Amino acid sequence: MNITTASISLLFTFLLAISTVAANHGVFNVKYKFADDQQRSLSVLKAHDYRRQMSLITGVDLPLGGTGRPDSVGLYYAKIGIGTPSKDYYLQVDTGTDMMWVNCIQCKECPTRSNLGMDLMLYNIKDSSSGKLVPCDQEVCKEINGGLLTGCARNTNDSCPYLEIYGDGSSTAGYFVKDVVLFDQVSGDLKTDSANGSVIFGCGARQSGDLSYTNEEALDGILGFGKANYSMISQLSSSGKVKKKFAHCLNGVNGGGIFAIGHVVQPKVNTTPLLPDQPHYSVNMTAVQIGHTFLNLSTDASEQGDKKGTIIDSGTTLAYLPDGIYQPLVYKIISQQPDLKVQTLHDEYTCFQYSGSVDDGFPNVTFYFENGLSLKVYPHDYLFLSEGFWCIGWQNSGMQSRDSKNMTLLGDLVLSNKLVFYDLENQVIGWTEYNCSSSIKVRDERTGTVHLVGSHLISSSYGQNTNLVTILFPIVLLLMLIY
């Protein structure tokens, strides 16, 4: 993210004119709850822990829609309730973004309609009795903006601004609010009750690029599941409601998929270490195999994002490889069929006509990582149809902007049809091939119960039909929130 001091100052000045909030401050006398030695007995402490655990959210079931295919929607999105009374919002699910944000009532460039089949909503803090502005002197504001902003004195009522610029040049700017997020809590096999929690998120007052009203496949915002302390997973974890573990299974066949926070019992996955001190979910790639041929990475290792590793990102549709890997990989794919007439479509995709089975005619691509973990990508995953041509989804990151130049990033093209597990407590990540339209088993670590989770579907008629169990191709976004 490229943010200059001048940009922050201008944004801050702009946002001060939008809203302010009166902040009440006080001093609290803090006492240890179990000050008496007798009260500190193991039985009392155990009872206290049990009462605390009983208040934890054990599971949240959210519908998921979309697909990561470039020839279709090109993203995955979830339906979530925000505010009191709750209103529904549709947000892109993104592990490469930290911040959750929604379009807000002040925004003039925000989309109000979408071709994805849902009505879009502009959040208005005045319509929610539980909504509060976040002052600029709060810790989360200082963390996001790199310290206390110029012009923000401590103990003031000025709101906290934000500005985020994405790799494709689009941007969102606004201010932070805190409000209740409503979930359907899993209460048993295929059963749910209502649950909620307070979350800090961005209120978008100005959008540009693909986030603006010009995007025909627009959504209400982004649901960030990145590594920062202000991401959705970090906020839920710091509140003591969840363990810092989650998994997703993105369905590349029918769309939608599974998203779970907590301990997934089935399927099991092997893992590889996350690289330390990196802003994204990055791992060390050790080899690339195309068919039966291994690429020589000895001279290409330095091109993997300046040794920042391989980024795993559900918010990116395609897969980006440094030039030293991209060129031989594409050459090997094309050379499987010597008679192909290759051409470029849309100024970026290498395409060709082919009438046979792509899985029979082209090689698998397999990535290898530390601890022997591998990730296989089939031709039907990395090839997609456009205007009667088969196009290659691999992209050359050596041709990207400076911030993205020569990075290795694996998006939905690679991650679809696999259960990807993020264990932030042990700093590992892993995956396994899986049918993402089937069910998973998740254990409630408080009770030891294993829940079988069913499926739901966000369709174009979702608002008129809430009996989702009867849909032919059901799809789930499940957040299992466990202690």
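This predicted model holds 16 aromatic pairs, and a couple of them make a good first stop.

**Stop 1: two tyrosines**

Select tyrosine 89 and tyrosine 123 and show their side chains. The two form a tilted aromatic pair, 6.5 Å from centre to centre, with 55° between the planes. Now colour by secondary structure: tyrosine 89 sits in strand S4 (residues 87–94), while tyrosine 123 belongs to the loop between strand S5 (101–103) and strand S6 (132–133). The pair therefore ties together parts that are 34 residues apart in sequence.

Are these two rings buried or exposed? Tyrosine 89 is buried, at a relative accessible area of 1%, and tyrosine 123 is buried too, at 2%.

**Stop 2: a tyrosine and a tryptophan**

Next, pick tyrosine 382 and tryptophan 394. Their ring centres are 5.6 Å apart and their planes meet at 35°, so this pair is tilted. Tyrosine 382 is in helix H7 (residues 379–382) and tryptophan 394 in strand S26 (residues 394–396), so the contact ties together parts twelve residues apart in sequence. Switch on a surface if you like: tyrosine 382 has 0% relative accessibility and counts as buried, and tryptophan 394, at 0%, counts as buried as well.

Before leaving the rings, select Phe225, Phe246, Phe259, Tyr281 and Tyr422 together. These five form one aromatic cluster.

**Stop 3: strands S2, S3 and S4**

Hide the side chains and go to strand S2 (residues 64–67). Both of its faces are covered: Leu64 and Gly66 are buried on one side, Gly65 and Thr67 on the other. Its antiparallel partner is strand S3 (residues 75–82), paired with S2 over four bridges. To find the register, click on glycine 65 and look across to tyrosine 77, its bridge partner in S3.

Follow S3 onward to S4. Six bridges join S3 and S4, which run antiparallel, and lysine 79 has tyrosine 90 as its bridge partner in S4. Zoom in on the turn of this hairpin, where four residues lie between the strands and glycine 83 takes a positive phi near 95°.

S4 itself is mostly covered, with six of its eight residues buried. It also pairs with strand S10 (residues 221–224): four bridges join S4 to S10, and here the strands run parallel. Select glutamine 92 and isoleucine 222 to see bridge partners in that pairing.

**Stop 4: the salt bridges**

How many salt bridges does the structure hold? There are three.

Start with lysine 79, since you have just been there. Lysine 79 forms a salt bridge with aspartate 88, with the closest N and O atoms 3.5 Å apart. Lysine 79 is buried, at a relative accessible area of 14%, whereas aspartate 88 counts as partly exposed at 35%.

Then select aspartate 127 and lysine 87, another salt bridge with its closest N and O atoms 3.5 Å apart. This one links distant parts of the chain: aspartate 127 is in the loop between S5 and S6, lysine 87 is in strand S4, and they are 40 residues apart. Aspartate 127 is partly exposed at 40% relative accessibility, and lysine 87 is partly exposed at 30%.

For the remaining bridge, go to helix H3 (residues 139–144). The side chains of glutamate 139 and lysine 142 meet there at 2.9 Å, N to O. They are three residues apart in the helix, so about one helical turn separates them. Glutamate 139 is exposed, with a relative accessible area of 57%, but lysine 142 is buried, at 14%.

**Stop 5: a four-stranded sheet and its helix**

Finish at an open sheet of four strands in the order S17-S16-S22-S23, with antiparallel pairing. Where are its edges? They are strand S17 (293–294) and strand S23 (374–377), each of which pairs on one side only.

Turn on helix H5 (residues 323–335), which packs on this sheet and touches S16, S17 and strand S22 (365–369). The direction of H5 makes about 20° with that of S16. For a last close-up, look at strand S16 (residues 285–290), which two bridges join to S17 in an antiparallel pairing. Select isoleucine 290 and you will find threonine 293 of S17 standing opposite.

Conventions
Residues numbered from 1 in each chain as written. Predicted model: local features only at pLDDT ≥ 70, side-chain atom pairs only at ≥ 80, totals over all residues. Heavy atoms only, no water. Pairing = 2+ DSSP bridges. Contact = heavy atoms within 4.5 Å. Axes fitted to C-alpha atoms, helices over the stretch in contact; angles between N-to-C directions. Phe/Tyr/Trp six-rings, centres within 6.5 Å; stacked < 30°, edge-to-face > 60°. Buried < 20%, exposed > 50% of the residue type's maximum accessible area, 1.4 Å probe, protein only. Salt bridge = Lys/Arg side-chain N within 4 Å of Asp/Glu carboxyl O.
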